[in-house]
Amino acid sequence: MKKGRLLGRFLQIVVVLLGISFLTFGLTYVAPGDPVRAMYAASGTIPDEEILEQRREAMGLNEPFLVQYLNWLDDCLHGDFGTSYSLNRPVAELLLARLWPTLKLALLSLLLMLVVAVPLGILSAVSKGGVLDYLIRGITFLGVSLPNFWVGLMLLYFFGVQLGVLPVVSSGQGFDRLILPAVTLAFAMTGKYTRQVRTAFLEELNQDYVTGARCRGIKESVILWRHVLPNSLLPLLTMLGLSLGSLLGGTAVVEVIFSYPGLGSLAVDAITSMDYSLIQGYVLWIALIYMVLNLLVDLSYGLLDPRIKKGGR
């Protein structure tokens with residue numbers, strides 16, 4: 001990627017983050033509820049109105065909207081996302097503490113998905129129009145159709161309750177507690193990625209270089225594994241980057257079902273307790289993750305495909 005384009009992407013990230021921060025702060029500002037009252041309610045005490053007003057004044061909540069936003073934005077630029085009203089801890093500390101469990105879950109689910117989706121997609125493409133192709137496409141249709149919460153509950157019931165081979169509550173500690181939520185997340189992604197691998201593989205098989213290689217007598221296995229496979233998997237990088245960003249943002253439904261201590265469950269707790277500082281920091285965090293991962297994917301294209309680096313298609 002050229003330096004000018006790279007600088008443009010960084011400026012784009014800054015502009016988008018500023019827009020998201022303004023919208024997020026504005027929505028939480030007009031949201032119903034009193035954060036100071038919620039903060040005291042979380043500690044089990046409800047003081048009189050005079051103390052509440054003094055606390056609002058000390059926290060700057062009586063300032064005009066634009067002043068509050070600029071003060072909050074200045075703190076964010078210095079790494080201070082505020083303090084959680086419900087947990088009475090710095091928002092940045094809470095987000096970082098939940099990042100590692102979510103990262104483990106995201107990477108394991110992506111690994112499980114790739115191990116299954118890539119071979120199935122290749123088999124479906126190679127056997128196009130055959131029984132195996134229709135069977136795999138039917139399985140992927142089932143995987144895409146079933147919602148995550150239903151798959152998670154079924155896995156929890158059979159393997160956690162009936163068979164008792166895996167723990168019901170996933171505390172984030174230990175590999176066995178990652179299996180059920182990771183399989184749940186990988187299930188739906190497998191169907192989607194299997195279709196994408198099949199489509200990309202079929203497109204590469206129809207390219208002229210494949211026909212030329214076959215005419216020169218090159219073995220079919222060499223054509224498939226050394227030429228078609230690398231070229232067909234390259235377009236999936238964008239999807240993988242977006243999927244990783246989505247998973248790092250926390251998959252709230254799955255994390256709540258398995259009581260997994262990730263970013264998604266943290267966001268749900270923040271919403272139910274009207275913890276606006278935590279909600280603002282979480283949304284800004286997710287936006288930053290998405291944009292940085294998207295930039296890294298674009299940079300990786302130039303490294304993996306010299307044609308893109310030289311400005312080709």
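This note goes through a predicted model of one protein chain, from its overall make-up to single residues.

1. Overall make-up. The protein chain has 313 residues, and 41% of them count as buried. Its secondary structure consists of 15 helices and 0 strands. Taken along the principal axes, the C-alpha atoms fill a box of roughly 85 × 60 × 30 Å.

2. Contacts along the chain. Consider the contacts between residues at least 6 apart in sequence: 73% of these join residues at least 24 apart.

3. Surface. About 17,400 Å² of the protein chain is accessible surface, and carbon and sulfur atoms account for 67% of that area. One nonpolar patch on the surface is formed by Y157, F158, F159, V161, L163, V165 and V168. Together these residues have about 650 Å² of accessible area. F158, one of the patch residues, sits in helix α7, which covers residues 148–162. With a relative accessibility of 45%, F158 counts as partly exposed.

4. Charges. The protein chain carries 24 positive and 22 negative side chains. The centres of the two sets are 20 Å apart. Side chains of opposite charge can pair when their charged atoms come close. The structure holds 3 salt bridges, and points 5 to 7 take them up.

5. The pair R89 and E93. These two residues form a salt bridge in which the closest N and O atoms are 2.8 Å apart. E93 counts as partly exposed because its relative accessibility is 39%. R89 also counts as partly exposed, at 33%.

6. The pair D133 and R137. Their side chains meet in a salt bridge, with 3.5 Å from N to O. Both residues belong to helix α6, which runs over residues 131–145; since they are 4 residues apart, about one helical turn separates them. The two ends of this pair can be set side by side: D133 has 0% relative accessibility and counts as buried, whereas R137 has 38% and counts as partly exposed.

7. The pair R198 and D133. Which residue does R198 pair with in a salt bridge? The partner is D133, and the closest N and O atoms of the two are 3.0 Å apart. R198 lies in helix α8 (residues 176–205) and D133 in helix α6, so the salt bridge ties together parts that are 65 residues apart in sequence. Both R198 and D133 are buried. Through shared partners, the salt bridges join D133, R137 and R198 into one network.

8. Surroundings of R137. What does R137 touch once its neighbours within four places in sequence are left aside? Its contacts are then S124, R195 and R198. R198 is thus a contact of R137 as well as a member of the network described in point 7. G121 is 16 residues from R137 along the chain, and the C-alpha atoms of the two are separated by 9.0 Å.

9. G143 in helix α6. G143 also has its place in helix α6. G143 counts as buried because its relative accessibility is 4%, which falls under the 20% cut-off. Leaving aside neighbours within four places in sequence, G143 is in contact with F187 and A188. M154 is 11 residues away from G143 along the chain, and their C-alpha atoms lie 14 Å apart.

10. A charged residue without a partner. D275 is found in the loop between α13 (263–272) and α14 (276–304). Is D275 buried or exposed, and which side chain of opposite charge is nearest? D275 is buried and has no salt bridge. The nearest side chain of opposite charge belongs to R89, 10 Å away. A salt bridge needs the nitrogen within 4 Å of a carboxyl oxygen. R89 is in fact paired with E93. Not counting residues up to four places away in sequence, D275 touches S84, Y85, S86, L87 and A270.

11. Points to look at in the model. A reader may start with the network of D133, R137 and R198, and then turn to D275, which is buried yet has no salt bridge. The nonpolar patch that includes Y157 and F158 can be viewed next.

Technical notes
Residues are numbered from 1 along each chain as its sequence is written. This is a predicted model: local features need pLDDT of at least 70, side-chain atom pairs count only at pLDDT 80 or more; totals for chains, interfaces and linings use all residues. Side-chain values use heavy atoms; hydrogens and water are left out. Helices (H or I, at least four residues) and strands (E, at least two) are DSSP runs, numbered from the N terminus. Buried means under 20% relative accessible area, exposed over 50%, partly exposed in between (1.4 Å probe, protein chains only). Contact means heavy atoms within 4.5 Å. Accessible areas come from the Shrake-Rupley method with a 1.4 Å probe; for residues, only the protein chains shown count as cover. Lys and Arg count as positive and Asp and Glu as negative; His and the chain ends are not counted. The place of a charge is taken as NZ of Lys, CZ of Arg, CG of Asp or CD of Glu. Patches are made of residues with over 30% relative accessible area and no salt bridge: like charges are joined within 9 Å, nonpolar side chains (Val, Leu, Ile, Met, Phe, Trp, Tyr) within 5 Å.
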